[in-house]
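Colleague: I am new to this structure and would like to learn how to read it one feature at a time. Could you take me through it slowly?

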Amino acid sequence: MSGPRRALLTLPLVLATGVLGFPGHAAAATDYQAESATISQGVVESNHTGFTGTGFVNYDNVSGSFVEWTVNAANAGSTTLSFRFANGTTTNRPMDITVNGGLTGNDVSFAGTGNWDTWATATITVNLDAGSNTVRATAVTANGGPNVDRLTVGDAAPPPPAGMAAAPYEYFGWGSPQRPTDVMTATGLKWFTLAFMLSDGGCNPAWDGSRTLTGGVDQTNINAIRNAGGDVIVSFGGWSGDKLGEKCSSASALAGAYQKVINAYRLKAIDIDIENTEFGSGTVRQRVVDALKIVKANNPGLVTMITFGTTPTGPDSTGQDLIRKGAAAGLANDVWVVMPFDFGGHSGSMGQASVNALEGLKNAVKPAYGYSDDDAYRHIGVSSMNGRTDEADETVTTTDFQTILSYARQHHLARFAFWSINRDRQCGSGGDPDACSGISQSAYAFTRIVVQYSQDLASPVPALP
């Protein structure tokens, strides 16, 4: 893309899932580390990466070995128990789960996660008494249990709003932006991804690196969207400008910068559009992952999305490394998103190339996190580009968007977005490519296709192709 670009836009285990398109989420909950519990015939170790706290419990190969936690509940009733575990074998390591000495009746298999450095989460629903309760996980085969990192106790939160999964980008700094309320009236769109939050030269966020965080045109537009019944995701990064991931010298400082924006706008979701030099640095990629872990811990229920470029067959080695870093660090990222354009060469239609790239993304996320195919699809998404891209051989048509829509419906993707609403109109004479698509189209033709996906998500029975 030209101009400040989407900015290139190369621009963005929970085993139980929620509604179409989004994995299940936990509300405010309490973590109980395994190494701090009562342990029988197991040992605390720290020789594998990605654990939280100071270590994890290796059950050893002993039937009857167990970990028992004492947990508190403010009120009696139903709640969720989430066991974070790793199983580097290909054999299930089932355990009996008891609450206050009684079997819960839940069948928990603790399947293989690919390796001992990859952690997943098995979640069950149980009844707790008000006050103190004991929760015990006991190995029932000679293989023993998996490695267990922690137990999280907390009620399941309602799923994110359906429209959050279908939130195209709009940029208020250039590209003759449309009034967002006009877009909402014309298309039925409810959610926008607003770009880009950058560094003001230091570890401090500013819209496009120069516009004030609050009190300016961006806040005016956010207020208008919310007053009209919509909401926003804020996107950090993009191709151009100073990135917070580079300007903040530590994960904690970067998390603090993200938090300023979350607090300023009471955000339910953020998008980290990691590109260019920020994407290319292994140190910065790790910093972003570690910062998001902090942010997730401090903001229960916040949806995080990480967006990056791709090849026609899926993430390149840098993208794969980013996913592996997230998994190894125990980052429960909600959505991994690829931008299937500006390939530098592809074959076939852009719709099919996008589908192929998404399959490659699924195949990278699945083993890293130990997901099933269905879980992996629900943790990935797409952020396309409408019309002519930055590459002479690439034109993304509404037919290509229909191909992507069908794939998203089939696999319950967690995100279908594009760059950008600014471009979702036909060019006039000498039109700015950042303000129009470069192809013959009706106004908001691409946005209307994305809105169909949000309508699917809100339906009790999604309309599949």
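Colleague: Let me begin with the cross-links: which cysteine does a disulfide join to Cys203?

Modeller: Please keep in mind throughout that this is a predicted model. A disulfide is recognised here from two cysteine sulfur atoms lying within 2.5 Å of each other, and in this case the partner of Cys203 is Cys248, with an S to S distance of 2.0 Å. The link of Cys203 and Cys248 is right-handed, with 95° about the S-S bond. Cys203 belongs to the loop between strand 13 (191-199) and strand 14 (205-207), while Cys248 belongs to the loop between helix 3 (244-247) and helix 4 (251-265), so the pair ties together parts that are 45 residues apart in sequence.

Colleague: Are Cys203 and Cys248 buried or exposed?

Modeller: A residue counts as buried when its relative accessible area is under 20%. Cys248, with 0%, is therefore buried, whereas Cys203 has 28% and is partly exposed.

Colleague: How many disulfides does the structure hold, and what is the pairing of the bonded cysteines in sequence order?

Modeller: There are 2 disulfides, and when the bonded cysteines are numbered in sequence order the pairing reads 1-2, 3-4. Besides the pair already described, a disulfide joins Cys427 to Cys436, with an S to S distance of 1.9 Å, and the link of these two is right-handed, with 90° about the S-S bond. Cys427 is partly exposed at a relative accessible area of 28%, while Cys436 counts as buried at 3%.

Colleague: How should I read the protein as a whole, and what radius of gyration does it have?

Modeller: One can set the value beside what a compact globule with that number of residues would have: for 465 residues this is near 23 Å, and the protein has 23 Å, which agrees. Its C-alpha atoms fill a box of roughly 75 × 45 × 40 Å along the principal axes, and 56% of the 465 residues count as buried. The protein exposes about 16,500 Å², of which carbon and sulfur atoms supply 48%. Its secondary structure comes to 11 helices and 22 strands.

Colleague: Turning to a single helix, how far apart are the end C-alpha atoms of helix 10?

Modeller: They are 20 Å apart, and since the 14 residues of helix 10 (residues 398-411) should span 20 Å at 1.5 Å a residue, the two values agree. At the start of helix 10, a side-chain oxygen of Thr397 reaches to within 3.3 Å of the backbone nitrogen of Thr399. Helix 10 is followed by His412, whose phi is positive, near 65°.

Colleague: Which residues of helix 10 are buried?

Modeller: The general idea is that an α-helix has 3.6 residues a turn, so residues three or four places apart point the same way. In helix 10, the buried residues are Asp400, Phe401, Ile404, Leu405, Tyr407, Ala408, Arg409 and His411.

Colleague: For a strand, how many residues of strand 17 are buried?

Modeller: In strand 17 (residues 303-309), 7 of the 7 residues are buried, so the strand is largely enclosed by the rest of the structure. Val303, Met305, Thr307 and Gly309 point one way from strand 17, and Thr304, Ile306 and Phe308 point the other way.

Colleague: Which strands pair with strand 17 in the parallel sense?

Modeller: Strand 16 (residues 269-274) runs parallel to strand 17 and is joined to it by 5 bridges, one of which makes Thr304 the partner of Ile270. Strand 18 (residues 335-339) also pairs with strand 17 in the parallel sense, over 5 bridges, and there Phe308 stands opposite Val338.

Colleague: What is the strand order in the open sheet of 5 strands?

Modeller: The order is 2-5-10-7-8, with antiparallel pairing, and the edge strands, each pairing on one side only, are strand 2 (38-40) and strand 8 (102-103). Strand 8 pairs with strand 7 (residues 95-99) over 2 bridges, and the bridge partner of Thr98 is Leu103.

Colleague: Finally, with which side chains does Thr389 make polar contacts?

Modeller: The side chain of Thr389 makes a polar contact of 3.3 Å with the side chain of Asp342, and another of 2.7 Å with the side chain of Glu394. Thr389 is placed in the loop between strand 20 (387-388) and strand 21 (395-396), and is buried, with a relative accessible area of 11%.

Technical notes: Residues are numbered from 1 along each chain as its sequence is written. This is a predicted model: local features need pLDDT of at least 70, side-chain atom pairs count only at pLDDT 80 or more; totals for chains, interfaces and linings use all residues. Side-chain values use heavy atoms; hydrogens and water are left out. Helices (H or I, at least four residues) and strands (E, at least two) are DSSP runs, numbered from the N terminus. The expected span of a helix is 1.5 Å times one less than its number of residues. Buried means under 20% relative accessible area, exposed over 50%, partly exposed in between (1.4 Å probe, protein chains only). A polar contact is a pair of N or O atoms within 3.5 Å; within protein, one must be able to donate a hydrogen and the other to accept it, and residues adjacent in sequence count only if both atoms are side-chain atoms. The radius of gyration is taken over C-alpha atoms; the globule rule is 2.2 Å times the number of residues to the power 0.38. Accessible areas come from the Shrake-Rupley method with a 1.4 Å probe; for residues, only the protein chains shown count as cover. Two strands pair if DSSP finds at least two bridges between them.
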